[in-house]
Each structure stands twice: as structure tokens, then as C-alpha cells.
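I opened this notebook to record what I looked up in the structure, entry by entry. The sequence and coordinates come first, and my notes follow.

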Amino acid sequence: MVAESPIDQFVIKQVFDVGSLPVTNSAIFMIAILVVASFIMIFGTSSRALVPGRLQSLSELAYEFVASTVRGTAGQDGMRFFPMVFSLFIFVLLSNLIGIIPYTFTVTSHIIITFALAALVILTVILYGLYRHGTHFFHLFVPSGVPILLVPLIVMIEIISFISRPISLSVRLFANMLAGHITLKMFGGFVTMLLVSGSWAAYLAPIPFVFTIALTALELLVAFLQAYVFAILTSVYLNDAIHPGH
Amino acid sequence: MKEVDHENGGDHALQERLAKLGGAIEKKRAGSFEEDRRLAEAASVVGETGKAMALGFRALSELIAGVAVGGFIGWQIDRWSGLSPIFLLVFLMLGFAAGFWNVVKLGSGKSSTRSMYSNMNGRSG
């Protein structure tokens with residue numbers, strides 16, 4: 001009887017040690033993501049052909065996509081943050097995509113990872129906003145054109161809305177990946193459970209199997225969309241740091 | 001496919017074959033265009049569903065995060081001040097308002113706050 005829990009796939013195991021530094025499966029997959037990303041970008045851009053090959057068009061597509069996202073939301077000024085948004089997008093995208101391959105580990109299914117990424121984004125926003133605009137940055141919370149009586153209330157709401165940004169950014173990515181992988185595992189588990197049941201129920205096994213295939217396709221879409229949403233929200237928040245009272 | 005008559009009327013036969021081939025190619029091309037169009041349509045439907053789904057998740061997570069952050073701040077202030085449920089209740093309301101406000105901003109397609117307020121006051125942002 002196969003009775004593996006659907007959340008076993010998220011367990012972090014210590015694989016080996018480097019000195020006194022434990023290396024977990026999560027760390028190994030993060031290193032793998034970096035290796036794959038570096039491979040695509042370095043080998044993709046090394047030939048610089050006029051007619052791009054596969055790797056080159058992949059890297060050029062990725063660049064164009066993120067560049068147009070950043071330009072569209074944060075303007076030309078936002079392009080100074082392009083390296084950061086691009087790295088975040090590629091890291092999240094590759095982590096989501098690698099996670100779909102069976103027997104792999106999904107780095108972004110752990111909230112500590114996504115929260116670390118979101119904290120990086122929001123700290124960049126705060127620090128850059130203060131560096132560039134000084135106290136004028138806080139005009140983000142005090143919008144003009146509001147009746148004086150309402151200002152304290154609006155400021156409270158705006159502050160809570162600002163604090164909730166990293167929370168919603170990290171929870172959305174983490175919850176999407178977690179829920180998707182649990183659902184996939186459950187439907188996969190149904191197939192084996194029905195097959196080994198040894199009764200007429202075994203004939204029902206193809207139904208969850210078809211669902212598993214459809215869900216895998218959906219997960220592929222979600223993997224890309226969540227990376228895209230992460231990138232676009234990063235540039236929206238960065239836009240607030242560049243033009244706080246706009 | 002058929003043997004060509006080289007002796008007489010070869011030119012005529014050739015013309016006929018060319019016309020036939022042209023027609024066949026035309027037909028095939030129209031068919032493949034139709035197929036391409038249908039594929040593109042299906043892809044755009046999938047893309048639109050995905051975009052709508054992403055938007056829905058965004059709205060949902062903004063709401064939840066607003067309430068969660070508001071609730072947490074209220075709970076923490078309660079612990080410090082010892083006025084147990086008051087701040088929790090107030091900040092839960094504020095958090096809900098903040099979450100809702102984020103969803104409104106999301107729906108209006110404006111990321112900046114100021115343009116929203118000036119719009120409400122009837123001024124052009």
C-alpha cells in the first residue's frame with residue numbers, strides 16, 4: 001500500500017555537510033537553479049549571432065520580457081533596478097518550473113524563501129526611497145487632496161497597506177506552489193490507491209490520472225504566472241520608491 | 001503523378017497541372033491559416049484565463065494580507081497596552097480597509113495612491 005503523505009515532498013533533509021555547514025536538498029536545488037540560469041544566460045549570450053539560436057533566443061526573450069515589464073510599470077528610471085527584477089524573475093521562474101519535474105524539490109514552496117525575496121524587495125524600496133527622496137518618501141502615506149479630518153485614518157490605512165505588501169507578495173507565491181503540488185500529489189496518490197485496491201474500483205484509476213495530466217499543465221501556467229506577478233509587483237513597488245508622491 | 005505528354009499539347013497540360021497545383025497549395029494554405037488562427041485563439045483563451053486567475057489570486061492575497069497585518073498589529077499593541085480587545089478590533093477594521101483599498105487600487109489599474117484620491121475629488125491626476 002502506497003501511503004505517502006502529500007506533504008512529504010516539502011520536507012527539508014540534510015544531505016551532507018561542508019565543514020560545519022549543513023547542505024540541505026533546498027540548498028542543492030537553489031544551487032541547481034543558479035547553475036541552470038547561468039548556463040542559459042552565459043551560453044545564450046556568448047555567440048551573439050544576428051540570427052539567434054535556441055539558447056540565444058531564450059535569453060533574449062527573457063530579457064525583452066522583463067525589460068518591457070519594468071519599463072511599462074516603473075518607467076525608464078526603473079531600469080536601474082532591472083538586474084534585481086530580472087534575477088528575481090529568473091530565480092522564481094526556474095524554481096517553479098524545476099519543481100514540476102517529478103522527484104524534485106520546489107524551493108518556492110517554503111514561505112521563508114518567498115518571504116526573504118519579498119523582504120529584499122521591500123527593503124530595497126524603503127532604502128532607495130529614503131536615499132533618493134529623504135523624508136519626502138513618507139508622502140507615500142500622506143496623499144494630498146484628502147480632507148484634514150480623514151488624514152489620520154488614511155495614513156493608518158496606507159501604512160497597513162504598505163506593510164501588507166511583502167506579506168501578500170510572499171504568501172501568494174508560496175501558497176500557489178504549495179497548493180498546486182499538494183493537489184498534484186493527491187491526485188497521483190488516488191491513481192495508485194485505486195489501482196492497488198484490487199476491486200472494480202481499479203477501473204476508475206484513469207479518471208484521477210487524466211486530472212493529474214491536466215493539473216500538470218495548469219501548474220506549468222501557474223509557475224510562469226506567479227513568476228510574472230512577482231516581477232511585475234516588484235516593479236510596481238519600486239515605482240513607488242522612484243516616484244513616491246506621483 | 002501522371003505521365004506528361006511530350007508530343008502534343010505539352011504546354012497546355014503543363015498549364016493545367018500548374019493551375020491544379022496552385023489550387024491545391026492555396027487550399028492547403030487556407031487550411032493551415034485556419035488552423036493557426038484557431039491555435040492562436042486557444043492560446044489567447046488560455047492566456048486570458050491565466051491572467052484572470054492571477055488577478056483573482058492577487059485580490060485574494062491582498063485582502064488576506066491586509067486583515068492579517070492589521071490583526072497582528074492590533075494584537076501586539078493590545079499585549080503592550082493591556083487594553084485587550086480594543087486595538088485588535090480597531091486594527092482588524094483598519095486592516096480590512098487597507099486590504100480592500102489595495103483591491104480597489106488593483107481594479108482601477110492605478111498603482112499610485114495620489115491619482116486615486118485626486119480622481120475621487122474630480123481633478124485630473
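Which elements of chain A have the lowest and the highest mean pLDDT? I read the lowest, 84, for strand E1 (residues 14–18) of chain A and the highest, 94, for helix H3 (residues 82–100) of chain A, where pLDDT is the predictor's confidence in each residue, from 0 to 100, and helices (H or I, at least four residues) and strands (E, at least two) are DSSP runs, numbered from the N terminus. For chain A I noted a mean pLDDT of 89, with 98% of its residues reaching 70 or more.

Conventions I kept to: this is a predicted model, in which local features need pLDDT of at least 70 and side-chain atom pairs count only at pLDDT 80 or more, while totals for chains, interfaces and linings use all residues. Residues are numbered from 1 along each chain as its sequence is written, chains are lettered from A and ligands numbered from 1 in the order in which they are written, and side-chain values use heavy atoms, with hydrogens and water left out.

Hairpin entry. I found E1(A) and strand E2 (residues 21–24) of chain A paired in the antiparallel sense over 4 bridges; two strands pair if DSSP finds at least two bridges between them. Gln14(A) stands opposite Thr24(A) in E2(A), and in the hairpin, with 2 residues between the strands, Gly19(A) takes a positive phi near 65°.

Core entry. I looked up the largest nonpolar core (buried Ala, Val, Leu, Ile, Met, Phe, Trp, Tyr and Cys residues joined through side-chain atoms within 4.5 Å; buried means under 20% relative accessible area, exposed over 50%, partly exposed in between, with a 1.4 Å probe and protein chains only). Of its 51 residues, Phe230(A) and Tyr237(A) touch the most other members. A second, separate core of 7 residues includes Ile157(A), Ile160(A), Leu94(B) and Ala98(B).

Salt-bridge entry. My search of the whole structure gave 4 salt bridges over all chains, each a side-chain nitrogen of Lys or Arg within 4 Å of a carboxyl oxygen of Asp or Glu. Glu158(A) and Lys105(B) meet in one of them at 3.7 Å, N to O, a pair that crosses from helix H5 of chain A to helix H2 (residues 84–108) of chain B, and both residues are buried.

Arg165(A) and Asp240(A) form another, with the closest N and O atoms 2.9 Å apart; Arg165(A) lies in helix H5 of chain A and Asp240(A) in helix H6 of chain A, so the pair ties together parts that are 75 residues apart in sequence.
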